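Trainee: I would like to go through the terms used for this structure and see how each one is justified.
Mentor: Then ask about them one at a time.

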There are 2 protein chains.
Amino acid sequence: MIAPRTIALDAMSGDHGPSVVIHGASISLSRHPALEFILFGNEQAVSAELDKFPALAKRSRIVHTETVIAMDAKPSQALRRGKGSSMWESIAEVKRDEAHVAVSAGNTGALMAMSKLILRPMAAIERPVIAALWPTINSECIVLDVGANIGANARQLADFALMGAAMARALFHIENPTVGLLNVGVEEIKGNEDVRQAHVWLKQTTGLPLDYRGFIEGDQIGQGSVDVVVVEGFAGNIALKTAEGTAKQIGRYLKDAMQRTWFSRVGAALARGGFRMLRYKMDPRRVNGGTFLGLNGIVIKSHGGTDALGFASAIDLGYEMAQTGLIERLAADLDTFHHRIGQDAAE
Amino acid sequence: MIAPRTIALDAMSGDHGPSVVIHGASISLSRHPALEFILFGNEQAVSAELDKFPALAKRSRIVHTETVIAMDAKPSQALRRGKGSSMWESIAEVKRDEAHVAVSAGNTGALMAMSKLILRPMAAIERPVIAALWPTINSECIVLDVGANIGANARQLADFALMGAAMARALFHIENPTVGLLNVGVEEIKGNEDVRQAHVWLKQTTGLPLDYRGFIEGDQIGQGSVDVVVVEGFAGNIALKTAEGTAKQIGRYLKDAMQRTWFSRVGAALARGGFRMLRYKMDPRRVNGGTFLGLNGIVIKSHGGTDALGFASAIDLGYEMAQTGLIERLAADLDTFHHRIGQDAAE
């Protein structure tokens with residue numbers, strides 16, 4: 001029997017609040033019967049939704065909270081007024097070791113600020129990151145940072161590599177995940193100094209628990225060239241959003257193209273099994289969930305605007321992370337390797 | 001009658017040299033009969049190709065050059081040994097006012113270094129940029145910088161906005177192009193200081209020959225939210241490559257999906273007119289060509305690996321730029337507005 005895994009849910013979060021969160025939890029529970037939930041939010045609103053899902057209700061308990069962090073709250077405001085909110089309490093439940101993971105669809109900035117304050121960064125980690133799952137031609141890879149911070153120095157980039165590799169080990173069950181450093185392709189300006197320095201360090205440090213493959217360019221992410229793509233948060237966030245936008249754009253082209261003539265409409269109808277598979281492959285809800293890495297606990301951020309299916313993906317991700325002892329392994333990796341990387345430049 | 005427009009071609013450039021360059025020129029000439037070409041390269045190799053296209057031969061003259069810049073040459077090497085090469089001489093032809101535009105499929109770093117040395121940056125411009133055409137749902141937009149430099153300060157970003165707007169005016173015939181500043185969506189860290197400062201300047205400076213729309217995120221580029229997207233070169237290059245990779249990835253999904261069952265294969269065959277339209281929309285050769293902006297002359301960089309159709313797109317772009325008096329207008333814009341932007345911060 002699998003030991004139960006407890007997820008703390010910010011039930012008030014996202015554009016749709018409890019209706020999406022609770023429905024999402026019930027979908028995820030049907031996939032992972034070992035799940036248990038602690039639901040933080042307005043008791044009345046949450047229990048009204050929970051009544052619709054009796055199987056979920058049996059594996060859940062509601063903790064009433066009074067306040068909700070607005071989707072447009074400034075992180076500083078959220079910190080000042082956050083205590084007692086559904087977001088705050090769901091993170092605190094991880095800190096109290098009552099839950100393995102917290103999942104929220106709330107404001108990213110507020111969620112990261114609170115997570116840092118409550119869970120604290122791991123020793124040696126200056127900057128927690130947001131790691132995204134990115135669909136590739138044959139499977140998935142991990143891209144980090146996709147927007148926790150802007151800019152990163154060489155040491156931080158090297159730590160991103162360690163964190164991403166630990167996550168890949170946990171999720172993909174690969175002992176030495178391949179890692180690439182995202183860079184530009186123009187010879188003259190191959191990366192700024194930090195990217196070049198991180199490259200040298202990752203290449204030279206022996207015994208790292210990863211297989212460093214050097215620089216990669218943006219078009220190689222989706223080809224699945226490596227398991228882990230390391231990039232500072234500004235370019236990483238722009239890359240992620242640009243890929244989402246491009247997928248939407250091509251979906252639109254395709255729809256227009258298939259409605260163009262009588263022949264293409266009939267053809268598209270015949271090929272609907274193929275299109276269903278394509279839609280599935282391109283469905284952004286399948287890989288919903290940014291993982292906060294580098295904290296003493298796991299927090300998953302779901303897209304605010306997603307539906308129940310998307311929110312269920314974020315919970316699934318949290319469940320898999322909880323199964324793996326990621327934090328302990330990552331702490332051990334950082335302990336062993338953080339100081340070995342870039343020793344030559346140590347002050 | 002349209003006045004002839006002369007394009008200097010680096011006929012030895014790209015992965016395939018004269019065979020692609022000359023064939024590409026003949027395609028472009030059939031679309032724009034006012035074109036004339038000066039072909040720089042090995043006389044024997046170039047004339048052997050030119051013999052295949054009699055109409056092109058009538059509008060072309062060959063200038064023999066001895067050396068070729070290798071695709072993997074370091075920019076510094078290329079500068080030292082570049083004089084007399086097909087790349088150097090095609091740029092110099094623009095400097096001598098013998099050609100309106102130079103087009104090369106050679107090494108980007110070398111081409112930019114030589115272009116800077118020979119044509120010189122325009123007054124007030126610290127950093128020339130590479131501007132890319134980006135297909136959107138309904139048409140195209142301009143994204144700059146896509147990789148001439150890494151990083152950009154607020155003043156440089158503001159200049160990118162002026163340069164991009166001038167190019168949009170020339171290509172899209174819009175008097176006040178809309179401009180957006182690419183940024184990340186996380187409240188807490190909305191851009192680094194330079195991006196925020198450029199935003200304030202562009203918002204506050206009155207009378208700019210553009211319609212500044214504020215921050216945009218990566219997913220809005222392909223939606224065509226603005227005519228011009230401003231971003232520093234590292235994130236811009238990664239965004240461009242990532243979009244290309246995503247398009248390729250989805251093309252692959254689509255192909256797999258359509259070959260999955262007998263029904264989908266028949267459907268795809270019936271819908272082939274629609275797929276042809278889709279392929280056309282997604283064809284990277286349609287928008288091949290990075291424009292070097294901010295120099296006293298126009299240089300277009302074609303993808304090195306493209307075929308004749310792709311190279312023709314780069315020439316077409318050069319032709320359109322030559323038609324418009326872009327450089328003069330841009331010089332006037334910079335003269336008027338460069339110093340008005342960010343006056344508050346002037347030393």
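Mentor: Start with burial: buried means under 20% relative accessible area, exposed over 50%, and partly exposed in between, with a 1.4 Å probe and protein chains only. The model is predicted, so local features need pLDDT of at least 70, side-chain atom pairs count only at pLDDT 80 or more, and totals for chains, interfaces and linings use all residues. Residues are numbered from 1 along each chain as its sequence is written, chains are lettered from A in the order in which they are written, and side-chain values use heavy atoms, with hydrogens and water left out.

Trainee: Why is B:T136 called buried?
Mentor: B:T136 has 4% relative accessibility, and the limit for buried is under 20%, so B:T136 counts as buried. B:T136 sits in the loop between β5 (129-135) and β6 (140-144) of chain B; strands are DSSP runs of E with at least two residues, helices are runs of H or I with at least four, and both are numbered from the N terminus.

Trainee: What makes A:E49 and A:K52 a salt bridge?
Mentor: A salt bridge is a side-chain nitrogen of Lys or Arg within 4 Å of a carboxyl oxygen of Asp or Glu. For A:E49 and A:K52 the N to O distance is 3.0 Å, so the pair meets the definition.

Trainee: Which of the words buried and exposed applies to A:E49, and which to A:K52?
Mentor: A:E49 is buried, at 14% relative accessibility, whereas A:K52 is exposed, at 52%.

Trainee: How do you know that B:R252 and B:D256 are separated by about one helical turn?
Mentor: They are four residues apart in helix α9 (residues 233-258) of chain B, which means a separation of about one helical turn. Their side chains meet in a salt bridge at 3.6 Å, N to O. B:R252 has a relative accessible area of 39% and is therefore partly exposed; B:D256, with 34%, is also partly exposed.

Trainee: What does the size of chain A say when set against a compact globule?
Mentor: The radius of gyration is taken over C-alpha atoms, and the globule rule is 2.2 Å times the number of residues to the power 0.38. With 347 residues the rule gives a value near 20 Å; chain A has 21 Å, so the two agree. Buried residues make up 60% of chain A.
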